[in-house]
Amino acid sequence: MRFSKTLVPTLKEAPAEAEVPSHVFMVRGGYLRKVAAGIYSFLPLGWRVIQKITGIVREEMNRAGASEVFLPAVIPAELWQESGRWDKYGAQLLRFKDRKGGNFVIGPTHEEVIVDLVRGDVRSYRQLPLNLYQVQTKFRDELRPRAGLMRGREFIMKDAYSFHVDEDDAKREYRNMYDAYTRIFTRCGLSFRAVEADTGAIGGSLSHEFQVLTETGEDVLVACDRCDYAANVEQAESRVGERALGAGSGVEALTKVRTPGQGSIDDVSAFLGLPSTQFAKTLIYIADGKPVAAMIRGDRTLNEVKLKKALGAVADPVMATEAMVLAATGAPVGFAGPIGLTIPVWCDREIAEMVDFVVGANEVDVHYRGVNLTRDFTPTGTAGIRQAAPGDRCPRCADGTFKSYRGIEVGQVFFLGQKYSEPMKANFLDASGHERSMVMGCYGIGVTRIAAAAIEQNHDKDGIIWPTPIAPYEVALLSLQGDDPGLRAVCDRLYAELESLGIEVLYDDRDERPGVKFKDADLIGIPWRVALGKKGLAEGIVEVKPRRSSEVQKVKLDEAVAFVAARVKEERR
């Protein structure tokens, strides 16, 4: 493609809201333009990247035995009501009425539609297993869209759904998709890790996220330094010691102490001269409309996803307001404690390890010290409700500890079981003629997010450094004096010869200064740059530079095409 014949409107500056590198460089490099918050148009370069990623995804999904379909973006509310998600999904679900007053949604995901499709045509176990996938635009009405393609409202996703006669076969396909995803992200040139994950709004009982590792990632991960266990902090387990709940006790008597003006853990810790690890903080939440107390060690962070699971709550727990805390405990925020509370009290398992600890006394400027489980209060229940942290002991091996990473989720696989097939009556007749519900799996890839994640992992101060398999073009050919007929003729020949060998070339034939062309080439990030000017033409030399390196190689003009083609084809593998 000739630069002069396409639309690549590069910019010196990015919009103020573009903060992360992928957003900055995709706007500056002429890949994207904003239409509305979290909604973007793809320009020619951007769409070529998406097509490259989609091609890899399709090849590997087909190789794994899945069949492609295409489902509607607009979904009638009845299907969502049938599955039970109409009321549960939340404000991200974009709902609207048609001219006849019917309720519809713009699909954020397509479990309901695919189940409706399959239950209408699949009747027998002989038609199973079945794996159907699509590549389609989704919409989730994010409250605060940000970071360009990483947290947009409209995005392109590959979603697949598998149907099986039993759990064993569904888990076989789960592993098949896990392996297919590993091939996809490897082929896209990404450094990634699969981690155990929460199933979130999709549901199910087993899930892995594929996380691209980068410091700009919004997800926090932990991984064992001795074994292969890794998980999102929302899902990660941590091992506690062997002390059973209530076994043994401390040596202190339960004592009330005055703590005037000391409302935070740090303040009370300094005031009493005790480490924060000797404190248990009691947080008041509202879960399904009722107050509940959650206790974690003073230096820990509560994990609301784990709390929701422990409570068996339908809605996400939310922090109580100051008025709610006062009503539940009799004291303002900062002085809640488990002793004497009449609402349910859930303790993190780590609290069972503690003796003679400090808690709020449900009175202003008063705390208890010398607190011990069972002797002084009995919790409603115990569960792992704190967020995993670096240094925690691994739950899967004897002596490993967690290290922390940041990542961008680009794909997730779910074992759904019968979460959708049972309420929606997606049934089949087994070999004995009995009617049973199908067992399902679900597998998603954020196609547009892959593009952003690749840039977060592959850039420098000058611009993008695309992995060759997903780059918009493989070679940037620069004619450094575009107004010189002789030079133009030679560059035209190089362009034609490279393309005849199947090399994808963006030919910068503009009448621009060489400095502008060099800067744009670095910004756009095409893997190989081939530059020819009057001096090089006179010497019979072409300058070849890989985007990942500062080294410029001088190659004989008559060898340049073969030299560049060989290196590009090597990087495609």
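Here is a short back-and-forth about cysteines and a small sheet in this predicted model.

Me: How many disulfides does the structure hold?
Reply: Zero.

Me: Why is C188 not in a disulfide?
Reply: Its closest cysteine sulfur sits in C442, 19 Å off. A disulfide needs two cysteine sulfurs within 2.5 Å, so that gap is too far for a bond.

Me: And what about C397, where is the nearest cysteine sulfur?
Reply: That one belongs to C224, 3.6 Å away. Set against the 2.5 Å cut-off, C397 is in no disulfide.

Me: What makes C188 count as buried or exposed?
Reply: Its relative accessibility is 0%. Buried means under 20%, so C188 is buried.

Me: How do you know which class C397 falls in, buried or exposed?
Reply: C397 has a relative accessible area of 18%. The limit is under 20%, therefore C397 is buried as well.

Me: On to the sheet: what is the strand order?
Reply: β4-β6-β5, an open sheet of three strands with antiparallel pairing.

Me: Why are β4 and β5 called edge strands?
Reply: β4 (74-76) and β5 (95-97) each pair on one side only. Neighbouring strands here are turned by 40° against each other on average, direction ignored.

Me: What makes β5 and β6 a pair?
Reply: They share three bridges, in the antiparallel sense, with β6 covering residues 103-106. Pairing takes at least two bridges, so β5 and β6 qualify.

Me: Which residue in β6 is the bridge partner of F96?
Reply: F104.

Methods. Residues are numbered from 1 along each chain as its sequence is written. This is a predicted model: local features need pLDDT of at least 70, side-chain atom pairs count only at pLDDT 80 or more; totals for chains, interfaces and linings use all residues. Side-chain values use heavy atoms; hydrogens and water are left out. Buried means under 20% relative accessible area, exposed over 50%, partly exposed in between (1.4 Å probe, protein chains only). Helices (H or I, at least four residues) and strands (E, at least two) are DSSP runs, numbered from the N terminus. Axes are lines fitted to C-alpha atoms, for helices over the stretch in contact, and angles run from 0 to 180 degrees between N-to-C directions.
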